[in-house]
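Q: I have a model open and would like to learn how to read helix packing and cysteines. Could you walk me through it?

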Amino acid sequence: MNDQPRRRPAKPHRRPKKDPVRFLAFEALRAVDERDAYANLVLPPLLKKARAKGDFDGRDAALATELVYGTLRRQGTYDAIVAACIDRPLREVDPPVLDVLNMGVHQLLGTRIPTHAAVSASVELARVVLGEGRAKFVNAVLRKVTAHDLDGWVEKVAPPYDEDAEDHLAVVHSHPRWIVSALWDALGGGRAGIEDLLEADNERPEVTLVARPGRSTTEELVKALGEDNSLPGRWSPYAVRMAEGGEPGALEAVRESRAGVQDEGSQLVAAALAAVPVEGRDTRWLDGCAGPGGKAALLAALAAERGATLLAAEKQPHRARLVERALAGNPGPYQVITADGTRPPWLPGTFDRVLMDVPCSGLGALRRRPESRWRRRAEDLEAFAPLQRGLLREALKAVRVGGTVAYATCSPHLAETRVVVEDVLKGRGGESVEAEWIDARPLLPGVPALGEGPDVQLWPHLHGTDAMYLALLRRTG
């Protein structure tokens with residue numbers, strides 16, 4: 001008789017099941033991290049490929065989009081929560097593991113996905129992309145995360161506001177501390193305003209369309225979208241907002257470049273430049289940093305209505321091609337060239353109106369590119385500064401006496417906005433050009449909360465736009 005205890009039969013090995021939605025979201029997050037890609041450029045082709053294979057329907061695409069953007073927007077908060085649930089420094093966690101963890105934390109704390117489903121789906125994803133050992137680590141961490149809701153975790157991991165206001169806001173609203181500080185300086189005021197701004201940065205922005213004058217109308221766009229999926233623009237007469245989202249490229253007017261996707265802040269910049277009264281000749285317009293072409297297309301349409309010509313210059317050849325595509329079919333005369341605005345091929349005093357929408361940190365578009373907040377560093381602004389000043393100086397030289405220059409940037413950081421304009425007007429760091437401020441506020445009719453002027457700073461929480469800056473200058477000598 002054999003007294004040896006019987007061994008239990010080993011559990012059959014189960015291959016992990018690949019969840020196409022979460023796998024795609026993980027792919028997008030890895031591309032953002034490994035290749036410094038932008039989610040808004042990476043995600044659409046991945047979704048298109050998944051739809052073509054029959055793996056996705058509209059609900060799947062919406063969930064994948066939420067997982068990617070929600071994880072990126074709340075990365076700072078989720079990092080702090082994960083750090084409180086592990087026994088090693090966060091920097092020692094491999095980036096792919098941290099992506100799975102943060103995406104799991106977002107499902108637990110930032111969506112309505114049931115707790116058990118969020119944990120099990122995240123662990124299954126970890127088994128597929130990380131292996132069995134690290135999947136156990138993911139399981140252990142996420143089970144600790146389930147101990148509190150988001151508010152409970154924030155109370156545990158964020159320092160008290162009274163002890164360190166900027167660090168508190170950085171953790172609570174998932175922004176790097178230096179960006180919190182810079183935005184607060186630009187905005188001014190107390191706690192309520194900066195919290196409203198940071199919250200707005202974490203909201204999903206609406207898709208806004210522009211009907212290019214003479215080529216399309218807002219009525220055409222509303223009819224194409226349907227009344228249930230269209231809202232009028234808040235401020236721009238050319239804007240239509242997509243109420244329920246969708247694919248703008250499915251619209252005939254967008255495919256034909258008669259309309260486009262463009263934030264209302266950008267529309268207002270172009271419209272304000274076109275609305276400035278100019279004495280005498282008004283036939284030659286310039287967009288000196290035209291890529292990728294949204295503002296140039298609107299300016300070209302406005303110029304065509306008056307019989308004026310637009311020259312659109314862009315330094316990068318691939319971006320110049322995007323400008324050509326945006327302007328294709330414009331009824332009026334225009335030209336697109338590849339040229340460096342700091343070493344221009346045109347003669348001084350050539351133009352009547354000039355737009356110089358300069359390269360910048362992009363801190364005004366954190367709603368649309370949430371990963372930018374984790375890539376940018378305060379020292380990056382030092383690299384932009386000479387370029388921004390050089391482009392504005394050349395813009396002022398390019399315009400004739402009595403003509404107008406619009407200096408614009410998608411950043412509210414003072415070092416990229418008013419400081420640049422004041423330095424150039426006072427000749428700091430280079431030769432001065434005689435020019436005077438134009439009050440931009442009357443040229444944005446109906447838009448509230450524009451400050452004391454003469455320049456204008458738009459804000460996501462006040463205007464529902466990107467944080468675009470605009471200064472209008474008239475050359476006087």
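What follows is a short talk about two helices and two cysteines.

A: This is a predicted model, so local features need pLDDT of at least 70 and side-chain atom pairs count only at pLDDT 80 or more, while totals for chains, interfaces and linings use all residues. Residues are numbered from 1 along each chain as its sequence is written, and side-chain values use heavy atoms, leaving out hydrogens and water.

Q: At what angle do the axes of α18 and α19 cross?

A: Two packed helices are described by the angle between their axes and the distance between the axes. Here, helix α18 (residues 380-398) and helix α19 (residues 418-425) have axes that come within 10 Å and cross at roughly 55°. That makes α18 oblique to α19 (angles under 35 degrees count as roughly parallel, over 145 as roughly antiparallel, 65 to 115 as roughly perpendicular and the rest as oblique).

Q: Which residues of α18 and α19 make the contact?

A: Contact means heavy atoms within 4.5 Å. From α18 come Q388, R389, L392, R393 and L396, and from α19 come V419, V420, V421, D423, V424 and L425. These contact residues divide into 7 nonpolar, 1 polar and 3 charged.

Q: How many disulfides are there?

A: A disulfide is a pair of cysteine sulfur atoms within 2.5 Å, and by this rule the count is 0.

Q: Why is there no bond for C289 or C360?

A: The closest cysteine sulfur to that of C289 is in C360, 11 Å away, which is too far for a bond. For C360, the closest is in C410, at 5.7 Å, also too far.

Q: Is C289 buried or exposed?

A: Buried means under 20% relative accessible area, exposed over 50%, and partly exposed in between (1.4 Å probe, protein chains only). C289 counts as buried at 15% relative accessibility, and C360 is buried with a relative accessible area of 14%.

Notes:
Axes fitted to C-alpha atoms, helices over the stretch in contact; angles between N-to-C directions. Helix = DSSP H or I, 4+ residues; strand = E, 2+ residues; numbered from the N terminus. Nonpolar A, V, L, I, M, F, W, Y, C, P; charged D, E, K, R; others polar.
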